[in-house]
Amino acid sequence: MAQENLLTQEAPTLSQTMRRGLLEENPSLRQMLGLCPTLAVTTAVTNGIGMGLATTFVLVCSGVVVSLLRKVIPSTVRIPAFITIIASFVTLVMMLTKAYLPALDEALGIYLPLIVVNCIVLGRAEMFASKHGPALAAADGLGMGLGFTASLTAMSAVREVLGNGTFLGVQVLPSFLQPMVIMVMPAGGFAVLGVLLAISVWMEEHPRHRHKVLRKSSAPAASLCAACPIKCGIGDPTNEACAKDEFVEMLEAAYAAARKEAEERDK
């Protein structure tokens with residue numbers, strides 16, 4: 001019963017759902033999804049922004065439609081149904097891009113139609129949109145899309161400046177500095193991705209950026225600790241030392257129980 005009380009939480013708000021995709025569950029930097037377009041199209045800022053916005057549009061629209069139809073789509077055919085919905089919006093994006101942004105359409109190439117099988121879009125449809133209402137589904141798609149766009153833009157900005165000496169096509173590096181051509185090659189993409197991953201992990205793990213559910217709760221500290229099945233010896237869940245990873249706490253509790261059982265058996 002105590003475990004159920006601990007795990008039972010209120011439904012996330014729209015702002016919480018949207019913020020989650022920016023850093024905590026960023027598709028590229030935290031979930032490691034959609035890395036093919038992340039590494040392939042980020043040689044120029046325009047490509048990164050275009051790919052990110054196209055994916056965001058598909059995420060939001062497909063999430064809303066999947067949410068609206070979640071009670072009428074049979075579970076046995078939900079994946080084909082989700083792919084059909086996603087493909088419809090990807091086709092619309094391709095037609096609009098080809099008609100109004102032909103240069104971007106040519107630069108993105110095959111990666112634009114491949115949004116249909118992007119793990120980010122299908123994953124959010126399966127894991128979130130099919131289980132929540134349309135408003136939350138739209139907020140989730142927008143948050144994940146903006147997080148994906150931000151990571152693509154950051155990568156493409158670094159690679160374009162260092163690899164071509166330009167930013168949005170405008171020369172920014174002095175003429176006496178030679179661009180590093182490796183930055184627009186696959187090796188440069190992996191290097192920049194690694195640096196951004198390290199920065200995102202630091203931002204999440206740094207004490208000033210750690211926001212745990214228990215620390216945000218308005219319930220009294222004593223009641224939260226009383227409901228906790230793990231006796232860590234800390235009486236205030238708002239204390240920084242109490243904000244442990246849940247999996248680590250479970251391992252510690254299991255180890256303590258096994259050790260106590262072994263000691264009793266030895267006696």
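# Exercises on a predicted helical model

The axes of helix H8 and helix H9 (residues 186-205) cross at roughly 125° and come within 10 Å of each other. The model is a predicted one, and the exercises below work through its helix packing and some of its individual residues.

## Exercise 1. The pair H8 and H9

Task: Classify the arrangement of H8 and H9, and state which residues of H8 meet H9.

Solution. Begin with the angle, which is roughly 125° for this pair. Angles over 145 degrees count as roughly antiparallel and 65 to 115 as roughly perpendicular, with oblique covering the rest outside the parallel range, and H8 and H9 are therefore oblique to each other. The handedness comes next, and the crossing of H8 and H9 is right-handed. On the side of H8, the contact is formed by Ser151, Ala154, Met155, Val158 and Arg159, which meet Pro186, Gly188, Gly189, Val192, Leu193 and Leu196 in H9. Sorted by class, the residues of this contact are seven nonpolar, three polar and one charged.

The spacing of such contact residues can be read against a general rule. An α-helix has 3.6 residues a turn, so residues three or four places apart point the same way.

## Exercise 2. Helix H4 and its two partners

Task: Determine how H4 is oriented towards H5 and towards H8, and how the residues of each contact divide by class.

Solution. Take H5 as the first partner: helix H4 (residues 45-68) and helix H5 (residues 78-100) have axes 9 Å apart and pack at an angle of about 140°. That angle makes H4 oblique to H5, and H4 passes H5 in a right-handed crossing. H4 brings Ala54, Phe57, Val58, Cys61, Ser62, Val65 and Val66 to the contact, while H5 brings Phe82, Ile85, Ile86, Phe89, Val90, Leu92 and Val93. These residues divide into 13 nonpolar, one polar and no charged.

Now turn to H8, where the axes of H4 and H8 lie 8 Å apart and the packing angle is about 170°. H4 and H8 are therefore roughly antiparallel to each other, and their crossing is right-handed. The contact of H4 with H8 has 17 nonpolar, 11 polar and one charged residues.

## Exercise 3. Asparagine 118 and the start of H7

Task: Decide whether asparagine 118 is buried or exposed, and find what its side chain does at the end of H7.

Solution. First locate the residue: asparagine 118 is found in the loop between H6 and H7. Its relative accessible area is 6%, and asparagine 118 is therefore buried. Apart from neighbours within four places in sequence, asparagine 118 is in contact with Gly34 and Pro37. The side chain of asparagine 118 caps the N-terminal end of H7, with a side-chain oxygen 2.9 Å from the backbone nitrogen of isoleucine 120. Within helix H7 (residues 119-127), the buried residues are Ile120, Val121, Arg124, Ala125 and Glu126, and what covers them includes H4, H5 and helix H8 (134-164).

## Exercise 4. Three residues compared with the cut-offs

Task: Assign threonine 166, alanine 87 and alanine 103 to an exposure class.

Solution. Start with threonine 166, which lies in strand S1 (residues 166-167). A relative accessible area under 20% means buried, so threonine 166, at 14%, is buried. The side chains of threonine 166 and glutamate 160 are joined by a polar contact of 3.0 Å. Leaving out residues up to four places away in sequence, threonine 166 touches Glu160, Val161, Gln171 and Val172.

Alanine 87 is found in helix H5, and with a relative accessible area of 25% alanine 87 is partly exposed. Its C-alpha atom and that of leucine 114 are separated by 9.4 Å, although the two residues are 27 residues apart along the chain.

Alanine 103 has its place in helix H6 (residues 102-108). Alanine 103 has a relative accessible area of 60%, and is therefore exposed. Alanine 103 and asparagine 47 are 56 residues apart in sequence, and their C-alpha atoms are 9.8 Å apart in space.

## Exercise 5. The protein as a whole

Task: State how many helices and strands the protein has, and what share of its residues is buried.

Solution. The secondary structure comes to 12 helices and two strands, and from the N terminus on, the elements run α-α-α-α-α-α-α-α-β-β-α-α-α-α. Of the 267 residues, 34% count as buried. Among the contacts with a separation of 6 or more, 69% are accounted for by residues 24 or more positions apart.

Notes:
Residues numbered from 1 in each chain as written. Predicted model: local features only at pLDDT ≥ 70, side-chain atom pairs only at ≥ 80, totals over all residues. Heavy atoms only, no water. Axes fitted to C-alpha atoms, helices over the stretch in contact; angles between N-to-C directions. Helix = DSSP H or I, 4+ residues; strand = E, 2+ residues; numbered from the N terminus. Parallel < 35°, antiparallel > 145°, perpendicular 65-115°, else oblique. Left-handed = near helix turned anticlockwise from the far one by under 90°. Contact = heavy atoms within 4.5 Å. Nonpolar A, V, L, I, M, F, W, Y, C, P; charged D, E, K, R; others polar. Buried < 20%, exposed > 50% of the residue type's maximum accessible area, 1.4 Å probe, protein only. Polar contact = N/O pair within 3.5 Å; in protein donor to acceptor, adjacent residues only side chain to side chain.
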